[in-house]
Amino acid sequence: MKIALIQARGNDRRDYGSPPAFRCMKQMAETEIPGTEVEIFSDYRLLIQYQPDIIGIGAVTPVFDSAKFLAHIFKKELNVPILLGGYHITFLPFEIKSGPFDIGILGEGEQTFLDLLRLYH
């Protein structure tokens with residue numbers, strides 16, 4: 001199972017970096033779920049080329065519109081499950097309905113992410 005993680009960016013192209021949780025999620029998934037490969041991307045085009053089975057998007061409030069934009073692209077190009085995590089969805093969970101997200105992960109999401117991957121596996 002191939003998993004792709006990406007942090008949404010704003011129109012100003014400010015790089016919020018890859019959240020430290022992404023590295024933790026990568027290590028947990030690859031260690032605990034046999035056959036799982038997790039890659040972290042900063043370029044959505046490379047993510048599409050990777051052809052993942054599941055996509056995780058991280059978003060803070062200033063880049064939530066960018067996360068929705070990315071999710072629309074990924075649904076059109078890949079049509080795979082899209083998980084959304086980060087501060088924005090944690091504090092405004094009803095906004096999960098505003099984009100083509102399949103699941104919103106609230107709060108500290110490392111364990112929830114792993115549990116969801118086990119279900120998809």
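Biologist: Why is Q51 called partly exposed?

Modeller: Q51 has a relative accessible area of 47%. Buried means under 20%, exposed over 50%, and partly exposed in between (1.4 Å probe, protein chains only). The value for Q51 falls in between, so Q51 is partly exposed.

Biologist: What kind of model is this?

Modeller: The model is predicted: local features need pLDDT of at least 70, side-chain atom pairs count only at pLDDT 80 or more, and totals for chains, interfaces and linings use all residues. Residues are numbered from 1 along each chain as its sequence is written, and side-chain values use heavy atoms, with hydrogens and water left out.

Biologist: Where does Q51 lie?

Modeller: Q51 lies in the loop between helix 2 and strand 3. Helices (H or I, at least four residues) and strands (E, at least two) are DSSP runs, numbered from the N terminus.

Biologist: What makes the phi of Q51 worth a remark?

Modeller: The phi of Q51 is near 55°, which is positive, and Q51 is not a glycine. N79 also has a positive phi, about 50°, and is not a glycine either. N79 lies in the loop between helix 3 and strand 4.

Biologist: Why is N79 called exposed?

Modeller: N79 has a relative accessible area of 59%. That is over the upper cut-off, so N79 is exposed.

Biologist: Why does Q7 count as buried?

Modeller: Q7 has a relative accessibility of 12%. That is under the lower cut-off, so Q7 is buried. Q7 is found in strand 1.

Biologist: How do you know that the side chain of Q7 reaches the backbone oxygen of G58?

Modeller: The distance is 3.3 Å. A polar contact is a pair of N or O atoms within 3.5 Å; within protein, one must be able to donate a hydrogen and the other to accept it, and residues adjacent in sequence count only if both atoms are side-chain atoms. The distance is inside the limit, so the pair fits the definition.

Biologist: What makes T61 and H88 a polar contact?

Modeller: The side chains of T61 and H88 come to 2.8 Å, so the pair is within the limit. T61 is in the loop between strand 3 and helix 3, and H88 is in helix 4.

Biologist: Why do T61 and H88 get different labels, one partly exposed and one buried?

Modeller: T61 has a relative accessible area of 49%, so T61 is partly exposed. H88 has 5%, so H88 is buried.

Biologist: Which residues does H88 touch, not counting residues up to four places away in sequence?

Modeller: H88 touches A59, V60, T61, F64 and E95 on that count. Contact means heavy atoms within 4.5 Å.

Biologist: Why does A29 count as buried?

Modeller: A29 has 0% relative accessibility, so A29 is buried. A29 sits in helix 1. Leaving aside neighbours within four places in sequence, A29 is in contact with T36, V38, F113, L114 and L117.

Biologist: Why does Q111 count as partly exposed?

Modeller: Q111 has 42% relative accessibility, so Q111 is partly exposed. Q111 lies in helix 5. Beyond residues up to four places away in sequence, Q111 touches M28 and R118.

Biologist: What makes a set of residues a nonpolar core?

Modeller: Buried Ala, Val, Leu, Ile, Met, Phe, Trp, Tyr and Cys residues must be joined through side-chain atoms within 4.5 Å. The largest such core here has 25 residues, and L47, I55, I57, F74, L84 and F101 have the most contacts inside it. Helix 3 gives the most to this core, with six residues. A second, separate core of 15 residues includes L5, V38, F113 and L117.

Biologist: Which residues are in contact with I57, leaving aside its neighbours within four places in sequence?

Modeller: Among them are I6, A67, F74, L84 and F101.

Biologist: What makes an open space a pocket?

Modeller: On a 1 Å grid over the protein atoms alone, a pocket is an open set of points where a 1.4 Å probe fits, with protein on both sides within 12 Å along at least five of seven lines; lining residues have an atom within 4 Å of a point. The largest pocket here is lined by 27 residues, and P19, A21, G85, G86 and Y87 lie nearest its centre.

Biologist: How do the residues of the lining of the largest pocket divide?

Modeller: They divide into 15 nonpolar, 10 polar and two charged. Ala, Val, Leu, Ile, Met, Phe, Trp, Tyr, Cys and Pro count as nonpolar, Asp, Glu, Lys and Arg as charged, and the others, Gly among them, as polar.
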